[in-house]
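Here are a few notes to read with the model open beside you. They follow one helix, then the core, then some charged pairs.

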Amino acid sequence: DRLPRAGGMLAYAIPAYRLPRNRVRAQIAALEAMGIGFKLNTEIGPKGVSLGALRRGFDSVFLATGAWEQKNIPGLKKSELLTSGMAFLTEGRRDPLHGNLPTGGHRNRFSPTAGRNVLVIGGGNVAVDVAVSARRAGARRVTLACLEARDAMPAFPEEITGAVKEGVSILPGWGPQRILEAGGKVKGMELVGCSSVFDAQGRFAPSFDAARKRIIKADQIILAIGQAAELGYAAGVKTLRGSIVADEATQATNLPGVFAGGDAVS
């Protein structure tokens, strides 16, 4: 594992209010008691241990590296000014000595840093986690804008309801059109109305109504429209559309002794 603590998304990306860190630590401890060893701070790939070396050292290798890479919006200018949703959620959690967010007066020390007025782009559970985390990190106003209608948002309905109770404003049916900036700093975003998200064949192909536009002022815009797998380490492993190809029944890849599962596959 390239990170200082075991647990992956459970330890680093899912907010502590949804999954208490002591629960994660207890699960890791149980695995260690079963005889499972964890080798941390270890990069797999060109900058560390190669997949070939792992194959030579072990009879079997299972790849379960998840989907940590933030997807971007193609063609959106000044996108470098946006904050990655994954980076926002994992901020402050990379210290190996602190497995939980402190409580009381020290809470903000390991909480994400949020602007005063935050705009979150995305309609899934990660976007909702980002929006709620921003509110809890001190943002005065948090707005979540997504392409889908309210009843078609990918996030679980109870998560959306919870976010509204936290003070998050939901703007369904709107997509990013233009980033507003001055002096290299975000000032807001111009949104355009989304007429439909999918085409007649059910493929993702959003269409917009150029006559419907609105501006949301924000000093931080967080992008949370989905993640992709980082597979630069998986030399020789067959991939398709950014995911590892593995047999559904056996989870075997095209390389003998190499198996894969989780978000890197699905």
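Is E190 buried or exposed? Its relative accessible area is 12%, so E190 is buried. Keep in mind that this is a predicted model.

1. Let's stay with E190 for a moment. Its side chain meets that of R178 in a salt bridge, at 3.4 Å from N to O. R178 sits in strand β7 and E190 in strand β8, so the pair ties together parts that are 12 residues apart in sequence. Unlike buried E190, R178 counts as partly exposed, at 41% relative accessibility.

2. Now have a look at helix α5, residues 125-136. From first C-alpha to last, its 12 residues reach 16 Å, close to the 16 Å expected at 1.5 Å a residue. Just past the end of α5, G138 takes a positive phi of about 110 degrees.

3. How many of the 12 residues of α5 are buried? Nine are, which leaves the helix mostly covered. Among them are A127, V128, V130 and V132, but also N125, D129 and S133. What do they pack against? The partners are α4, β4, β5, α6, β6 and β10.

4. That fits with the largest nonpolar core, which has 22 residues. V118, V120, V130, V142, L144 and V168 have the most contacts inside it. Two or more residues each come from α4, β4, α5, β5, α6 and β6, and α5 gives the largest share, six residues. A second, separate core has 16 residues, including L82, L119, W174 and I179.

5. V118 is worth a click. Neighbours within four places in sequence aside, V118 is in contact with A134, A139, R141, V142, T143, A218, Q220 and I222.

6. Back to charges: there are seven salt bridges in the structure. In one of them, R18 meets D129 at 2.9 Å, N to O. Because R18 lies in the loop between α1 and α2 while D129 belongs to helix α5, this pair ties together parts that are 111 residues apart in sequence. D129 counts as buried at 4% relative accessibility, whereas R18 is partly exposed at 35%.

7. Helix α5 has another charged link, in which the side chains of R136 and E166 meet at 2.5 Å, N to O. E166 is in the loop between α6 and β6, and R136 is in α5, so parts 30 residues apart in sequence are tied together. Both ends count as partly exposed: E166 at 24% relative accessibility and R136 at 35%.

8. One last thing to check: R18, D129 and E159 are joined into one network by salt bridges that share partners.

Notes. Residues are numbered from 1 along each chain as its sequence is written. This is a predicted model: local features need pLDDT of at least 70, side-chain atom pairs count only at pLDDT 80 or more; totals for chains, interfaces and linings use all residues. Side-chain values use heavy atoms; hydrogens and water are left out. Helices (H or I, at least four residues) and strands (E, at least two) are DSSP runs, numbered from the N terminus. The expected span of a helix is 1.5 Å times one less than its number of residues. Buried means under 20% relative accessible area, exposed over 50%, partly exposed in between (1.4 Å probe, protein chains only). Contact means heavy atoms within 4.5 Å. A nonpolar core is a set of buried Ala, Val, Leu, Ile, Met, Phe, Trp, Tyr and Cys residues joined through side-chain atoms within 4.5 Å. A salt bridge is a side-chain nitrogen of Lys or Arg within 4 Å of a carboxyl oxygen of Asp or Glu.
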